[in-house]
Every structure is written in structure tokens, then in C-alpha cells.
Amino acid sequence: MKRVYPKEENCMNCRLCEVACIVEHSDSKDPLGAYFVEGMGFNSAAGEGIIDPADALEAGKPRPLNRISVSLRGYSSISTNCRHCSDASCVLACKNGSLYYDDAGRVRLREDKCVGCWMCLMACEFGAITRNPAAKNVPKVRKNGINHHCDLCPERSSPACVMVCPTGALVYEERL
Amino acid sequence: MKYTIIGNSFASVFAVESIRKTDSKGEIRLISEEEGPAYSPAMLHEYLSGVASKGLLYLRPSDFYEKNGVEAILGSRVDKVDAAARTLSMGRKKLEFKKLLIAAGMTPFVPPGIKGLSGFDNVFTFTRKTSADSMLRKIKGVDSAVVLGGGLIGLQCAEGLAHAGIKVTVVELADNILPLALDDDAAGMVLEELRQEGVNVITGNTIVQINGRKGKIESVTLRSGEKIKCGMVVVAVGVRPNVDFLKDSGIKIDRGILVDERMRTNIKDIYAAGDCAQGLEILSGKKMPIPIIPIATKQGSVAGYNMAGKNEIYPGGLSLNALQFGGLQVVSYGFVRDEEKAEVLKDRDHQGNRYKKIILKDGRISGVILLRHIERAGLFRYLIENKTVVEGFKENLMLWNFGVAHLPKDVRDAMFTRPV
């Protein structure tokens, strides 16, 4: 199965992968629409997790959140996302079967089922799962949201992040 | 019938899927004491309070058994296994098996010594859907409840009852709640959140007597002499591996069913997985039952692969917790209270009320608590399970924005350059 692999020597921390991901998963599929019309400019990757996603939700519908993110330390950066593991830890930990494998072997989310218990976030060894505050299935639980992770852009032949990367710091290929 | 599975929860569901990935045809028979399709016991509090609809409880779509060619015998209790004769009995009915997986789960422990416990209708445990259903039928006539046990099940049940509009008091014998998952600092912060949710918690105390008239609970008496008015009592002091029916079976049992790295018991072609099994714990190197979902599913999956002929190794389990009360999330890994001969890194950010604690032993991580800051938590799981020496970059671990770039290059390469 083809997966996205980072090539960190090539990464220049431009974060276009994050932008392309957000735009691809927006309603308008347009950067201006995605950033300035659909949302309120809330970005989980820009902060250090200090901004509570629920605050963004309470202030209005947040724009789509990036499913890939660049991690930066000094001058070195690396862009990572869901590994789509076989026998993935998140699927093994999901407390009500919201995470599943589609026919292509991708780890996907049943968005109408996830209750935001964060077993997946606890389980994922790659730190690839974030919280999406735009949806919730248990209305009484405050400040929650649901699982958010890379879906490998099912409508595209190659994921948007890989296509946009100007330096080849992300590759989409089959490895053994 | 090639495969027989006792139990119908996480371990069994993942065993079925692993068998099917390896053997698309071999017949599978699954026997469970409980009626209905596999559901999540970890959803029961949300079901009880009505915040989650019934459909969210079930682990798999309704065609799971049919699609995987599983003959499901539900509502039948296996009361005996004869390993030598390779049979199991359900009352008078006897079935032969070839390969057997025992994934019979756990049973709630009800402590002896509480006077009046058996004399009342509204006394419940909280590990099964049938208990939650009974509670739902009685809940309308009740305005207050006492939960005995401040572990995960007790606290979740208490929160569920509070969300359903019931006045709840939790009574915990230990000095603090969640003693296995949290340290005192984190437990204090969770306690504060629970109080805001309307859950009152009493620690260092226990119930000695249940009082009432004509089968109707009126109050409980605590060891301290204090009386608390209530119309319902939930006993949630802990769970035990469900192994009593295996007495005299020939299968080796300690606290749970002892299994090797392929989930095999001491008897050929008999496997065990999940809450009833006692497998390897990765930090201590000892075998212990750890009744949590990620271990049940992993063990079930490994058992299924091996039963179907694929060689798959269980690397050992790590105690993992993801807890959520009100708007507070906590994730913890390993042994969070064992600070003997350890270096403890701690940071409490009072403004955001976040808390982070890392316990290091011999340059490796042995325990982690992350409270109100669970982003990228799983990276710590990777470092613990791979026994990565973190001595050289331990100051990075304490950064609130700790991420992939803060790991050494060789660790990053091992993580992200190969398929998993």
C-alpha cells in the first residue's frame, strides 16, 4: 500500500503541506475561502496546544484543521501524518469501533460514531492524531470534538500535501 | 468447526478479524453468555446518562458475524472446559472444539462484609449492558446514589449518573481516586473537575451497611459512622479475570489464564486473550492481568493470527489510560506512582492548569501523566515500549510543544521511513 513518507532533509518548514491539507478538506477548496470565509483563522499547529479547540468552536465554526503537521526544532523540521499502520494501535484502542479499515487499507473514521474519548490519541505512537472540535456526537460533554487524522485524500491519486510540497520533502510510495 | 471462541467483546472481535485476514474459510463459532452483538463496556456511562445513543455502543456494524462467517451462540454460558477431552459444556449441552480461544473477560468484584448488600433491589455493578439497562429502568424513582469505588468504572458511572440528573457520592477506600492511573497531583485536579460535574467524592472511607425498608434503599452507613441518603448503590471496587469456570480444566491459571508470547495457554491449541488472560507486562517483565481495551484487542488479534497459522508475537502490554471527565482529559502510561530510584520530571502550568510528569529509570521512561495537554501523547508510548534511552534529550520531553522534531534523528528515522 502506498503511504506518505517524510524526507526531512528536504523540509524547509514552509508548512504548505498543512495549507494544502486544509484547503483540500475545506468546502470551497480554495485557500481564501478555507482560511477567511469558512473559519475564524484558528490553527492548532501554529500554537503549542495552548489554544483549546473548544474555544474556537464556541467562537464559531472553525475551518478544517490540518491532518499533517510540521514539527520544528531549531533549523530542522519534519512533516508527519498518520502512518496508516496495519493492525494500527488507534484501531486497537478505539473504544467503540469508530476507527476502521477501508477497502484500500486506510485507517478511516466513522465521523458519526466517534465520541472523543481519546483512546486513539493515547495509543498512536506517532503522535498523528489530533482533536477536531468541529464535530461532536455526545452533546453534553464539554470541550471535546472527535478524532482527526490523515485520510490520504481518497478523492485524489496522490495526497494534496505531497503534490504541493515544493522541495520533495514528502513522498507517496509503496515501501517494504 | 475449526475455531471456537468463548466471549464476545474486544478480544473476540479482533481475534475473528485476525483469523479472517489469515484464513478466509475456516469455520468460526463464538459463544457468549451475553445476548446481542459485541458492545463497548467503556460506553456504558455515556449510555446510562443518555448522552450517547444506543447505536454508538456497538463495536462493529450489524453484519459483522454474518460477513465473517461466524456462528454466534449468544446468551449461552460455558460452565466447563475439559482440555483433555477437548470439549466444553453449556449446561447439559456439550460441544467439541479443535482450536479454542478463551476471551471470557472479567467479573466485577463485590467485597464481602457490607451488611444488607443482598437485601435490596437497587444494588448494581457496572461492567455489563444488562446492569446499565436495569439501572435505566430504576433511575426514574431515584434522586440520589452512592458509588463504592473511585476507580475508572466507579467514576465513569458516577459521572453518567450525574449527567442523568442524579445526586452522586463516590466512596473510595484509598486516600485518592484512580490510584493506578494517576498520582496525587493529577487525582486532585480530576477531583476538582468531578466536583464541578456534580460528583461528590469521599476518600479513605467505605460502606459498611446499606439501610432501608421493604427492599428499598434509604441510606448507606460509612465506616466513619456517617450516613448518606440514597436510593441506589453501585459497587465498582474492581474486576477479576473471569476464570472460575476453568477450575479443574487443566488450564494453568494464576490470577488470570497464563499465556505465552503467542497467547497460548499451557495446553496445545487453547489460547486466551483479554481481561481473563495474564500476559506479559513490558516494563516489569512480569505476567499480570491488565484489563484495558488496547491490551484486550492486541492479545485477541495476536491469538487470532496464531490460531490461523500465522506466527505473530505479543511484545508485552503497557498500562495505558485515557480518561475524560467533564472538559478535562488525562492520558497516562506505565507506573505513575513508582518513584523509587527514579528521576521525576514535573511541570504544572498554573495558568492553563496543565500538568505533566515523567518518571525516568535508568535513562528510560517508566511512567507518564499528561493532564489537559494530551497532544502527541502517544510519542511517549513509543519511547516507553521501545525502551528508548531518553537521557540525552530528556529536557525536550518536558517542552509543552514536544513533538516529532524533538526526537533524535535515529528515532525519527526508525519511526517514519518504513511502513508499520
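**Aromatic pairs**

I searched the whole of this predicted model for aromatic pairs and found four over all chains. I looked up the pair of Phe126(A) and Phe416(B), whose ring centres are 5.7 Å apart and whose planes stand at 65°, so I noted the pair as edge-to-face, the cut-off for that class being over 60 degrees. I then placed the two residues: Phe126(A) lies in the loop between helix 5 and strand 6 (130-132) of chain A, while Phe416(B) belongs to helix 10 (residues 409-416) of chain B, so this pair joins two chains. I checked burial for each partner, and Phe126(A) is buried at a relative accessible area of 7%, while Phe416(B) is buried at 0%.

I next turned to Phe380(B) and Phe402(B), which form a tilted aromatic pair with 5.1 Å from centre to centre and 35° between the planes. Phe380(B) sits in helix 8 (residues 378-385) of chain B and Phe402(B) in the loop between helix 9 (394-397) and helix 10 of chain B, so the pair ties together parts that are 22 residues apart in sequence. I recorded both Phe380(B) and Phe402(B) as buried. I also noted that ring pairs link Phe126(A), Tyr382(B) and Phe416(B) into a cluster.

**Contact between chain A and chain B**

Since one of these ring pairs joins two chains, I went on to the contact itself, which takes 52 residues from chain A and 63 residues from chain B. I read the area buried between the two chains as about 4600 Å², with carbon and sulfur atoms giving 55% of it. On the side of chain A, the residues that lose the most area to chain B are Leu92(A), Lys95(A) and Met122(A), which together make up 16% of what that side buries.

I then looked up the charged and polar links, and five salt bridges are found across the interface of chain A and chain B. I took down the salt bridge of Lys95(A) with Glu46(B), in which the closest N and O atoms are 2.9 Å apart; Lys95(A) is also among the residues that lose the most area to chain B. For polar contacts between the two chains, I noted a count of 20 residue pairs, with both residues at pLDDT 80 or more.

I asked myself which elements give two or more residues to the side of chain A that touches chain B. They are strand 1 (2-6), strand 2 (68-73), strand 3 (76-81), helix 4 (89-93) and helix 5 (119-123) of chain A. By class, I listed 23 nonpolar, twelve polar and 17 charged residues on this side of chain A.

**Chain A as a whole**

I counted six helices and eight strands in chain A, and along the sequence I read their pattern as β-α-α-α-β-β-α-β-β-α-β-β-α-β. Chain A has 176 residues, of which 57% count as buried. Among the contacts in chain A with a separation of 6 or more, 58% come from residues 24 or more positions apart.

I picked out Thr130(A), which has its place in strand 6 of chain A, and asked whether this residue is buried or exposed. Thr130(A) has a relative accessibility of 28%, so I entered it as partly exposed, because buried would need under 20% and exposed over 50%. Leaving aside neighbours within four places in sequence, I found Thr130(A) in contact with Asn66(A), Trp118(A), Ile146(A), Asn147(A) and His148(A). I also looked up the C-alpha atoms of Thr130(A) and Gly145(A), which are 15 residues apart along the chain and are separated by 9.7 Å.

**Two residues of chain B**

I located Thr127(B) in the loop between strand 9 (123-124) and helix 4 (129-138) of chain B, and I noted this residue as buried, with a relative accessible area of 9%. Not counting residues up to four places away in sequence, Thr127(B) touches Tyr39(B), Pro41(B), Leu44(B), Met106(B), Pro108(B), Ile153(B) and Val239(B).

I ended with Arg354(B), which is found in strand 25 (residues 354-361) of chain B and is buried, with a relative accessible area of 8%. What does the side chain of Arg354(B) make a polar contact with? I found one polar contact with the side chain of Asp349(B), at 2.7 Å, and another with the side chain of His373(B), at 3.4 Å. I also noted that the C-alpha atoms of Arg354(B) and Pro37(B), which lie 317 residues apart along the chain, are separated by 39 Å.

Technical notes: Residues are numbered from 1 along each chain as its sequence is written. Chains are lettered from A and ligands numbered from 1 in the order in which they are written. This is a predicted model: local features need pLDDT of at least 70, side-chain atom pairs count only at pLDDT 80 or more; totals for chains, interfaces and linings use all residues. Side-chain values use heavy atoms; hydrogens and water are left out. Contact means heavy atoms within 4.5 Å. Buried area is the accessible area (1.4 Å probe) that two parts lose on being put together, summed over both. A salt bridge is a side-chain nitrogen of Lys or Arg within 4 Å of a carboxyl oxygen of Asp or Glu. A polar contact is a pair of N or O atoms within 3.5 Å; within protein, one must be able to donate a hydrogen and the other to accept it, and residues adjacent in sequence count only if both atoms are side-chain atoms. Helices (H or I, at least four residues) and strands (E, at least two) are DSSP runs, numbered from the N terminus. Ala, Val, Leu, Ile, Met, Phe, Trp, Tyr, Cys and Pro count as nonpolar, Asp, Glu, Lys and Arg as charged, and the others, Gly among them, as polar. Buried means under 20% relative accessible area, exposed over 50%, partly exposed in between (1.4 Å probe, protein chains only). Rings of Phe, Tyr and Trp (its six-membered ring) pair if their centres lie within 6.5 Å; planes under 30 degrees apart count as stacked, over 60 as edge-to-face and the rest as tilted.
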